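Here are some short exercises to work through with the structure open beside you. Try each task before reading its solution.

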Amino acid sequence: QFAMATLTPLRSSSSYRRVYGRRPHAQNQRRGVRVLANASSESMPLTSLTAVTPIDGRYARLTAPLRMSFSEHGLIRARIEVEARWLAFLASRDEVPEVPPLSEEAAKFLDDVVDKWSVDDSQLVKDVERTTNHDVKAVEYVLKQKFAD
């Protein structure tokens with residue numbers, strides 16, 4: 001469960017005990033941070049009031065064009081492009097016999113994968129990442145899967 005913190009300084013542990021009925025955790029008491037118990041993201045829809053920063057909150061309509069580049073989907077999409085271009089480069093080099101040259105059809109397929117990458121494809125990468133615990137390896141596995149299909 002995720003706990004949210006406010007930057008409200010605590011005057012003393014006794015005032016914390018009075019409010020919350022227990023002593024504060026030592027690290028929170030040292031930092032002077034009040035932790036709100038049972039605050040989960042599931043109970044709070046994303047609005048300008050619940051967003052983590054004003055960028056995705058009150059300024060969301062102004063920064064919406066940036067989502068394609070700076071969101072998690074944008075990052076995964078960029079990684080897919082890098083991996084696809086790297087594979088095409090390796091395939092074009094005679095010095096790398098482990099990677100055979102790509103046919104025109106395979107090169108076009110690789111370009112199409114990059115050009116038609118969707119949010120659903122990025123979700124597939126995130127699903128694979130849960131089992132690999134490695135984001136770039138998940139990208140490699142999904143690319144390999146797309147070639148196998």
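The exercises below cover confidence, the core and a pocket.

This is a predicted model, in which local features need pLDDT of at least 70, side-chain atom pairs count only at pLDDT 80 or more, and totals for chains, interfaces and linings use all residues. Residues are numbered from 1 along each chain as its sequence is written, and side-chain values use heavy atoms, with hydrogens and water left out.

**Exercise 1.** Find where pLDDT stays under 50.

*Solution.* Start with pLDDT, the predictor's confidence in each residue from 0 to 100. Its mean for the protein is 81, and 71% of the residues reach 70 or more. Next, scan for the stretch under 50: residues 1-8. The model has 20 contacts (heavy atoms within 4.5 Å) beyond four places in sequence for residues 1-8. Where pLDDT is low, predicted coordinates should not be read in detail.

**Exercise 2.** Identify the members of the largest nonpolar core that touch the most other members.

*Solution.* Collect buried (under 20% relative accessible area, 1.4 Å probe, protein chains only) Ala, Val, Leu, Ile, Met, Phe, Trp, Tyr and Cys residues joined through side-chain atoms within 4.5 Å. This core has 13 residues, and Ile76, Ile80, Val113, Trp117, Val125 and Val142 touch the most other members. H8 gives the largest share, four residues. Then take Trp117: beyond its neighbours within four places in sequence, its contacts include His73, Arg77, Ser122 and Lys146.

**Exercise 3.** Sort the lining of the second largest pocket into nonpolar, polar and charged residues.

*Solution.* List the lining: Glu83, Trp86, Leu87, Leu90, Val99, Glu140, Leu143, Lys144 and Phe147. Sorting gives six nonpolar, no polar and three charged, with Glu and Lys counted as charged.

Terms used
1 Å grid on protein atoms, 1.4 Å probe; cavity = no way out; pocket = protein on both sides within 12 Å on 5 of 7 lines; lining within 4 Å. Buried < 20%, exposed > 50% of the residue type's maximum accessible area, 1.4 Å probe, protein only. Helix = DSSP H or I, 4+ residues; strand = E, 2+ residues; numbered from the N terminus.
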